[in-house]
Amino acid sequence: MQERKRLEEAIESSSRISSLTDDLDTLFELAREGENVDGDIDRELKRYSELLTNLETEMLLSGDNDQLSAIVTIHPGAGGTESQDWAEMLLRMYLRWCERHNFGVAITDRLEGEGAGIKSATFEVNGPNAYGLLQSEIGVHRLVRISPFDSAARRHTSFASVFVYPQIDDEIKIDIRADDLRIDTFRSGGAGGQHVNMTDSAVRITHFPTGIVVQCQNERSQHKNRDSAMKQLRAKLYEFELEKKRVESRKTEDSKLEINFGSQIRNYVLAPYRMVKDLRSRLAIGDVNRVLDGDIDELIHAFLVWRKTGKTATDNGDDQPE
């Protein structure tokens, strides 16, 4: 059914491109006859460009697991409240991006920071190509801003790391032996309200051979939390096995660097100037608020082009400051 939906969407996109091409031909013919249709042409060309970009993005998603849903984890770097607040800003950015694309989201684990922000967060992104698109976010993200937590209004640099795993289909067999697991239950924490649990419903699973630890405390039901945690474990074990096979070309190597200077994949600068720059594709965007509000499609597309062709956004222009 997923493959059928994907093919139907591809056919629909092809039909829309054909229709827009005919409309543009008509508008150019009217322009040649002296009619003032400049505004219509600009509008249709913008739609045409957006449609072609979306189609190109889908064509660039050719990996074995690109079409799968994703599991995303966010961790702040050193720096206490500053980094924890930055991690929460990233979480909001991704949730807004998911909302723009009508992806289903389930936050399976969220550990609140002390005072502000989050110490960690894990969430599922359910939708076609979610993993393929979000691979562009794997790594360390660096924020430079005037700190709202500094009474002297000094500039601070914060770091947070993002990991993305594919949600492995049940048909893919991952051998998980019960003897290799330790399953702990504990009482869910949080700010109160509907998330308060009076029973030990939260679940933490430790996989002894790999040392992988997953946990879920989002649901009131211990069984639901256990199912969600097992889903995370299968995904992480699958990625673990893939990592062992990647000797020469390891796509997630940057994500395992220390969350600190020199290891980031993208800079978000709010002071002294305002710019978001991806250090792989070299794409720079001046509208930082738009990016932090979840409009990261341009960054994702530029990354996919760079990964496939090696071309950067600066191949035809001047580079921008880091």
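Start by selecting C98: this residue of the predicted model is buried, with a relative accessible area of 1%. Its place is in helix α3, residues 81-100. Leaving aside residues up to four places away in sequence, C98 touches F103, V105 and V125. Add A130 to the selection and draw the C-alpha to C-alpha distance from C98: the two are 9.0 Å apart in space and 32 residues apart in sequence.

Next, select W97 and F103. The structure holds 3 aromatic pairs. W97 and F103 form one that is tilted, with 5.4 Å centre to centre and 55° between the planes. W97 is buried at a relative accessible area of 0%, and F103 is buried too, at 13%.

Another tilted pair is made by F303 and W306, at 5.8 Å centre to centre and 40° between the planes. Select helix α7, residues 297-309, to see both rings: they are 3 residues apart, about one turn of the helix. In an α-helix there are 3.6 residues a turn, so residues three or four places apart point the same way. Are F303 and W306 buried or partly exposed? F303 is buried, with a relative accessible area of 6%, because this value is under the 20% cut-off. W306 is partly exposed, with 29%, which puts the residue between the 20% and 50% limits.

Now select the open sheet. Its 8 strands follow the order β2-β3-β1-β5-β4-β9-β10-β11, and the pairing is mixed. At the edges stand β2 (104-112) and β11 (284-285); each has a single partner strand, so one side of each is left without a neighbour in the sheet. Bring helix α3 back into view: α3 packs on this sheet, touching β1 (70-76), β2, β3 (118-126), β4 (139-146), β5 (155-166) and β9. The direction of α3 makes about 45° with that of β5.

Within the sheet, go to N267, whose place is in strand β9, residues 264-269. N267 is buried, with a relative accessible area of 1%. What does its side chain contact? The side chain of N267 makes a polar contact with the side chain of Q264, at 3.5 Å. From here, add strand β10, residues 275-278: 4 bridges join β9 to β10, and the two run antiparallel. Y268 stands opposite V276 in β10.

Move on to strand β7, residues 202-207. This strand is mostly covered, with 5 of its 6 residues buried. Show strand β6, residues 181-186, beside it: 6 bridges join β6 to β7, and the two run antiparallel. R182 stands opposite T206 in β7. Then show strand β8, residues 212-216, which pairs with β7 in the antiparallel sense over 5 bridges. V203 has C216 in β8 as its bridge partner. β7 and β8 form a hairpin with 4 residues between them. Pick G211 in the turn, where phi is positive at about 80°.

Last, select helix α2, residues 38-60. The helix has 23 residues and reaches 33 Å from its first C-alpha to its last, close to the 33 Å expected at 1.5 Å a residue. Colour by burial to pick out I41, E44, L51, T57 and L60, which are buried.

Key. Residues are numbered from 1 along each chain as its sequence is written. This is a predicted model: local features need pLDDT of at least 70, side-chain atom pairs count only at pLDDT 80 or more; totals for chains, interfaces and linings use all residues. Side-chain values use heavy atoms; hydrogens and water are left out. The expected span of a helix is 1.5 Å times one less than its number of residues. Buried means under 20% relative accessible area, exposed over 50%, partly exposed in between (1.4 Å probe, protein chains only). Contact means heavy atoms within 4.5 Å. A polar contact is a pair of N or O atoms within 3.5 Å; within protein, one must be able to donate a hydrogen and the other to accept it, and residues adjacent in sequence count only if both atoms are side-chain atoms. Two strands pair if DSSP finds at least two bridges between them. Axes are lines fitted to C-alpha atoms, for helices over the stretch in contact, and angles run from 0 to 180 degrees between N-to-C directions. Rings of Phe, Tyr and Trp (its six-membered ring) pair if their centres lie within 6.5 Å; planes under 30 degrees apart count as stacked, over 60 as edge-to-face and the rest as tilted.
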